[in-house]
Amino acid sequence: MDEQLMFASRMIDHWKTGYKKRYNPKRASALDIIGLAKSVDEAIADWDVNSTLLIATAARNMDSLKKYSFGDLRGEIQDNGKNVFLLLGTGFGLHDEVLNQCDGVLEPIRGSSVDDYRHLSVRP
């Protein structure tokens, strides 16, 4: 949605300019590599699909997708020369249409709670 793109752009600019850039230059540097796109297809258009893994994050179990541990992905990058395009879900998760485009899903971070509550906040 255009409103989400505008919000993301404002948030990125907030940390890349002025006082906040001086306050936290490492965050500004990290945000320099961020690009915004209206779709997954648009986002990966310039990536070599043969050397890139499209990996999603999900808090729910995704039995239909290959599961990658953090070590698995490190091996794909270091040993096999793969690039990893990581799709971070929203508070409601990624839509199945997006997940079905992915090569796999990164294992969820598991909590130690009795009910196996899983949450990885990606909010600023």
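Start by selecting Tyr-68 and Leu-106: in strand E4, Leu-106 is the bridge partner of Tyr-68. What you are looking at is a predicted model, so treat each stop on this tour as a feature of that prediction. Now widen the selection to the two strands, E2 and E4 (residues 104-106); they run parallel and are joined by two bridges.

**The whole sheet**

Colour the strands next. Four of them form an open sheet, and its order is E2-E4-E1-E3, with parallel pairing. Look at the two ends of that order: strand E2 (67-68) and E3 are the edge strands, each having a single partner, so one side of each has no neighbour in the sheet.

Zoom out for a moment to place the sheet in the fold. The protein has six helices and four strands, and along the sequence they follow the pattern α-α-α-α-β-β-α-β-α-β. If you draw contacts between residues at least 6 apart in sequence, 71% of them join residues at least 24 apart.

**Into the cores**

Hide the surface and select Leu-54, Met-62, Leu-87 and Leu-99. These are the residues with the most contacts inside the largest nonpolar core, which has 13 residues. Two elements, E1 and E3, each give two or more residues to this core. A second core of five residues lies apart from it, and Leu-53, Ile-55, Leu-73 and Leu-106 are among its members. You have met Leu-106 already, as the partner of Tyr-68. In soluble globular proteins, nonpolar side chains tend to be buried together.

Keep Leu-54 selected and show what surrounds it. Which residues does Leu-54 touch, leaving out those up to four places away in sequence? The list runs through Val-40, Ile-44, Phe-85, Leu-87, Gln-101, Cys-102, Asp-103 and Gly-104. Leu-87, in that list, is also one of the residues with the most contacts inside the largest core.

**Two loop residues**

Move to Ser-51, in the loop between helix H4 (40-43) and strand E1 (52-57). Is Ser-51 buried or exposed? Its relative accessible area is 19%, and because buried means under 20%, Ser-51 counts as buried. Show its contacts and you will find Gly-81, Lys-82 and Asn-83, again not counting residues up to four places away in sequence.

Then select Leu-88, which sits in the loop between strand E3 (83-87) and helix H6 (96-99). Leu-88 is partly exposed, at a relative accessible area of 47%. Try a distance label from here to Leu-106: the two C-alpha atoms are separated by 9.9 Å, while the residues are 18 apart along the chain.

**Three salt bridges**

Switch the charged side chains on. How many salt bridges does a search of the whole structure find? It finds three.

- Select Asp-2 and Lys-38, whose side chains meet in a salt bridge (3.3 Å, N to O). Asp-2 lies in helix H1 (residues 2-16) and Lys-38 in the loop between H3 and H4, so this pair ties together parts that are 36 residues apart in sequence. Asp-2 is partly exposed at 45% relative accessible area, whereas Lys-38 is exposed at 61%.
- Go on to Lys-16 and Asp-32, where the side chains meet in a salt bridge (3.6 Å, N to O). Lys-16 is in helix H1 and Asp-32 in the loop between H3 and H4, so the pair ties together parts that are 16 residues apart in sequence. Lys-16 counts as partly exposed at 25% relative accessibility, and Asp-32 as exposed at 51%.
- Finish with Asp-63 and Lys-67, which form a salt bridge with their closest N and O atoms 3.8 Å apart. Asp-63 is exposed, with a relative accessible area of 70%, while Lys-67 is partly exposed at 42%.

**Out on the surface**

Bring the surface back and select Ile-33, Ile-34 and Leu-36. Together they make a nonpolar surface patch of about 320 Å². Ile-34 belongs to the loop between helix H3 (25-31) and H4, and is partly exposed, with a relative accessible area of 42%.

For the last view, show everything. The accessible surface of the protein comes to about 9200 Å², and 53% of that belongs to carbon and sulfur atoms. Of the 124 residues in the protein, 25% are buried.

Terms used
Residues are numbered from 1 along each chain as its sequence is written. This is a predicted model: local features need pLDDT of at least 70, side-chain atom pairs count only at pLDDT 80 or more; totals for chains, interfaces and linings use all residues. Side-chain values use heavy atoms; hydrogens and water are left out. Buried means under 20% relative accessible area, exposed over 50%, partly exposed in between (1.4 Å probe, protein chains only). Contact means heavy atoms within 4.5 Å. A nonpolar core is a set of buried Ala, Val, Leu, Ile, Met, Phe, Trp, Tyr and Cys residues joined through side-chain atoms within 4.5 Å. Accessible areas come from the Shrake-Rupley method with a 1.4 Å probe; for residues, only the protein chains shown count as cover. Two strands pair if DSSP finds at least two bridges between them. Patches are made of residues with over 30% relative accessible area and no salt bridge: like charges are joined within 9 Å, nonpolar side chains (Val, Leu, Ile, Met, Phe, Trp, Tyr) within 5 Å. A salt bridge is a side-chain nitrogen of Lys or Arg within 4 Å of a carboxyl oxygen of Asp or Glu.
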